[in-house]
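Reader: I have just begun to study protein structures, and I would like to go through one slowly. Could we look at it together?

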Amino acid sequence: MRFTILTVLSALSASLATALPTELTQFFLVTSDQSDPNANSSQLRGVHATTPYAEDPVSQSTLLLRLIGAGYNSLPNFTLTDGVLATTTSGPHGIGSVTYNSTAVVAGQELQFMAQQQEGGNVALDGGYLVTVDGETEGWTICDSARGMDVLWWRGEGSDCKSTFLHAVSKPPYRK
Ligand SMILES: *[C@@H]1O[C@H](CO)[C@@H](O)[C@H](O)[C@H]1NC(C)=O
Ligand SMILES: *[C@@H]1O[C@H](CO)[C@@H](O)[C@H](O)[C@H]1NC(C)=O
Ligand SMILES: *[C@@H]1O[C@H](CO)[C@@H](O)[C@H](O)[C@H]1NC(C)=O
C-alpha cells in the first residue's frame, strides 16, 4: 500500500515538474476541456487555439477571441499586466500595429479587447498558466457570436454555450 502511494506521488511530482510552465511573459491563449497543464499544448484535451477577431471588421473597435483550427499562419501572442491582457495586432484595414487591451471581464459577456488604455483588470494566471477572472478558473464558455463564430465568453448562458478552461501556453497547438 505504502509503496503504491509513494509511486503515485513520485510519478505525480515528476509529471508536474515537467508539465508546469515557467513564468510566461508572452504567451498564446488556448481553450481546453482540462484544467491541468501540459507542456505540449497540442496534447491538452479538446484544445483549440484562439485568435483576436473583429466582429465589425470595418471599425475594429472591439476584438473578441475566437477559436481557430489547424492551418493558421501565425497567431498573435498576449501579455498580462495589472490584470489586463494585451495583444498587438494589425489595425483597421491591416494597416499599422495596435495594442488592444482587455476590458474588465464581466459575466454574460465576451472577453473583449479595445484599442484603449485600461485602468487595471480582473484577469490573472493561476499556477502561472490557467487564466482566471476575479481569481476563478471556472466560468469560461465558448458560445456563438452574433455572426456565428465560436468566441470566448465569461459565464455565457446561451443554450449553445459550452464550458472550457483558458490556458496560457508558450507554444501554440497543432504545430509539428
Ligand atoms: C506534441 O504533441 C503532438 C501530438 O501528440 C505531437 O505530434 C508532437 O510531436 C509533440 N511535440 C513535442 C515537441 O513533443
Ligand atoms: C509575440 O509577438 C511579438 C509581435 O507582436 C513578437 O515580436 C514576439 O516574438 C512574439 N513572442 C512569442 C513568444 O512568440
Ligand atoms: C494598451 O495599454 C498599454 C499599456 O497601458 C498602452 O501602452 C497602450 O497604448 C494601450 N493601447 C491603446 C491603443 O491605447
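Reader: What share of the accessible surface of the chain belongs to carbon and sulfur atoms?
Author: This is a predicted model, in which local features need pLDDT of at least 70 and side-chain atom pairs count only at pLDDT 80 or more, while totals for chains, interfaces and linings use all residues. Residues are numbered from 1 along each chain as its sequence is written, chains are lettered from A and ligands numbered from 1 in the order in which they are written, and side-chain values use heavy atoms, with hydrogens and water left out. Accessible areas come from the Shrake-Rupley method with a 1.4 Å probe, and for residues only the protein chains shown count as cover. The accessible surface of the chain comes to about 9700 Å², and the share belonging to carbon and sulfur atoms is 51%.

Reader: How many strands are there in the chain?
Author: Helices (H or I, at least four residues) and strands (E, at least two) are DSSP runs, numbered from the N terminus. Beside one helix, the chain has strands numbering 14.

Reader: Which strand gives the largest share of the largest nonpolar core?
Author: A nonpolar core is a set of buried Ala, Val, Leu, Ile, Met, Phe, Trp, Tyr and Cys residues joined through side-chain atoms within 4.5 Å, where buried means under 20% relative accessible area (1.4 Å probe, protein chains only). The largest such core has 22 residues, of which Leu29, Leu111, Phe113 and Trp140 touch the most other members. Elements giving two or more residues to this core include β10 (130-133) and β11 (140-144), but the largest share, three residues, comes from β3.

Reader: Which residue has a polar side-chain atom 2.5 Å from an oxygen atom of ligand 2?
Author: The residues around ligand 2, meaning those with a heavy atom within 4 Å of it, are Gln26, Phe28 and Asn77. A nitrogen atom of this ligand is 2.8 Å from an N or O atom in the side chain of Gln26, whereas the polar side-chain atom 2.5 Å from an oxygen atom of ligand 2 belongs to Asn77.

Reader: How much of the accessible area that ligand 3 has on its own does the protein cover?
Author: Around ligand 3 are Thr99, Asn101, Ala115, Gln116 and Gln117. A nitrogen atom of ligand 3 is 2.9 Å from a polar backbone atom of Thr99, and an oxygen atom of ligand 3 is 2.4 Å from an N or O atom in the side chain of Asn101. Of the 360 Å² of accessible area that ligand 3 has on its own, the protein covers 53%.

Methods: A polar contact is a pair of N or O atoms within 3.5 Å; within protein, one must be able to donate a hydrogen and the other to accept it, and residues adjacent in sequence count only if both atoms are side-chain atoms. Buried means under 20% relative accessible area, exposed over 50%, partly exposed in between (1.4 Å probe, protein chains only).
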